[in-house]
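Here is a short briefing on one protein model. Please keep the sequence and the coordinates open while reading.

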Amino acid sequence: MKLNIKSTLILSFCLLNGLLYSQSKDNYNMWFQYLMSARITDKSTLTALTQYRSFDLAYDTRLFLLNAYVDYEVVENIKPAAGAMFLILESYSTDDSKKIRYEKRPFQQITADYYIGRTSISNRLRVEERFLSNPDEFQVRLRYLISVRIPFNKKGEKEKLYGILKNEIRMNMEKEEPFDSNRMTAGLGIKTGKNSALEIAFINQLETGKTSNYGFIGFRNTFDWRKKQK
């Protein structure tokens with residue numbers, strides 16, 4: 001049975017709307033993201049992304065983030081990397097006033113990728129050094145992410161749709177309570193071109209005493225910036 005991309009897109013938006021309305025204690029939390037990755041040498045890749053998260057569709061800011069890192073493939077499918085983020089964090093106080101914090105976050109990570117058939121599985125371990133303001137604070141956080149990408153096309157067919165499953169656990173290294181949060185993602189990727197895709201997902205984030213749900217809409221591009229041989 002062939003999948004109709006337009007029908008699948010409409011169904012995905014309806015599903016996100018229902019999940020957010022029925023499960024989230026915040027109103028319509030949204031997560032918008034643009035990600036690009038570019039090969040700069042045969043062994044290294046530059047990845048950059050920006051995120052905007054909101055409490056109520058798109059106009060009540062929750063977080064803005066810029067992130068970039070470079071990885072290097074030391075052996076097949078094993079890639080250490082280093083990078084940095086800049087974040088603007090906005091949260092509500094108990095009196096419903098907004099509190100704004102700024103964060104500078106260098107990080108180091110290692111990624112291991114492998115395949116089961118045509119399904120790709122990625123494991124990422126990341127260490128972050130978090131420098132926060134208002135009040136000034138320093139934290140070290142450890143994150144482990146497993147990502148699964150499931151192609152829906154038959155072998156030999158042009159890829160149009162793929163499934164997305166992710167789980168990430170985050171732990172604080174310098175706090176009495178080490179657990180920070182656990183984030184689960186389930187979604188659908190829709191290829192919009194040879195090197196681009198639109199992704200729609202539902203994200204559940206569990207923290208101590210709190211659960212947040214997001215509708216996710218993301219767009220990704222891949223590029224090849226390696227010098228061509230003449």
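Which residue in E9 does Arg-170 stand opposite? The partner is Ser-181 in E9. The model is a predicted one. The protein has one helix and 11 strands, and the strands form a closed barrel.

**Fold**

- Counting from the N terminus, the element order is α-β-β-β-β-β-β-β-β-β-β-β.
- The helix therefore precedes the strands, as helices and strands are numbered from the N terminus.
- The barrel runs E1-E2-E3-E4-E5-E6-E7-E8-E9-E10-E11.
- Pairing in this barrel of 11 strands is mixed.
- Neighbouring strands of the sheet are turned by 20 degrees against each other on average, with direction ignored.

**Strands E8 and E9**

- Strand E8 covers residues 161-172, and strand E9 covers residues 179-193.
- The two strands run antiparallel.
- They are joined by 11 bridges.
- Across this pairing, Arg-170 faces its opposite residue, Ser-181 in E9.

**Aromatic rings**

- The structure holds nine aromatic pairs.
- One of these is formed by Phe-131 and Phe-138, with 4.8 Å centre to centre and 50 degrees between the planes.
- That pair counts as tilted because its angle is neither under 30 degrees nor over 60.
- Phe-131 is partly exposed, because its relative accessibility is 44%.
- Phe-138 is partly exposed as well, because its relative accessibility is 39%.
- Both values fall between the limits of 20% and 50%, so neither ring residue counts as buried or as exposed.
- Trp-31, Tyr-214 and Phe-216 form one aromatic cluster.

**Arginines over rings**

- Arg-126 lies over the face of Phe-107, at 4.1 Å from the ring centre.
- Arg-149 lies over the face of Tyr-162, at 3.7 Å from the ring centre.
- Both distances are within 6 Å, the cut-off for a charge over a ring.

**Burial, contacts and surface**

- The protein has 230 residues, and 40% of them are buried.
- Among contacts with a separation of 6 or more, 46% link residues 24 or more positions apart.
- The exposed area of the protein is about 13,600 Å².
- Carbon and sulfur atoms supply 60% of that area.

Note on methods:
Residues numbered from 1 in each chain as written. Predicted model: local features only at pLDDT ≥ 70, side-chain atom pairs only at ≥ 80, totals over all residues. Heavy atoms only, no water. Phe/Tyr/Trp six-rings, centres within 6.5 Å; stacked < 30°, edge-to-face > 60°. Buried < 20%, exposed > 50% of the residue type's maximum accessible area, 1.4 Å probe, protein only. Lys NZ or Arg CZ within 6 Å of the ring centre and 35° of its normal. Helix = DSSP H or I, 4+ residues; strand = E, 2+ residues; numbered from the N terminus. Contact = heavy atoms within 4.5 Å. Areas by Shrake-Rupley, 256 points an atom, 1.4 Å probe, with all protein chains shown as cover. Pairing = 2+ DSSP bridges. Axes fitted to C-alpha atoms, helices over the stretch in contact; angles between N-to-C directions.
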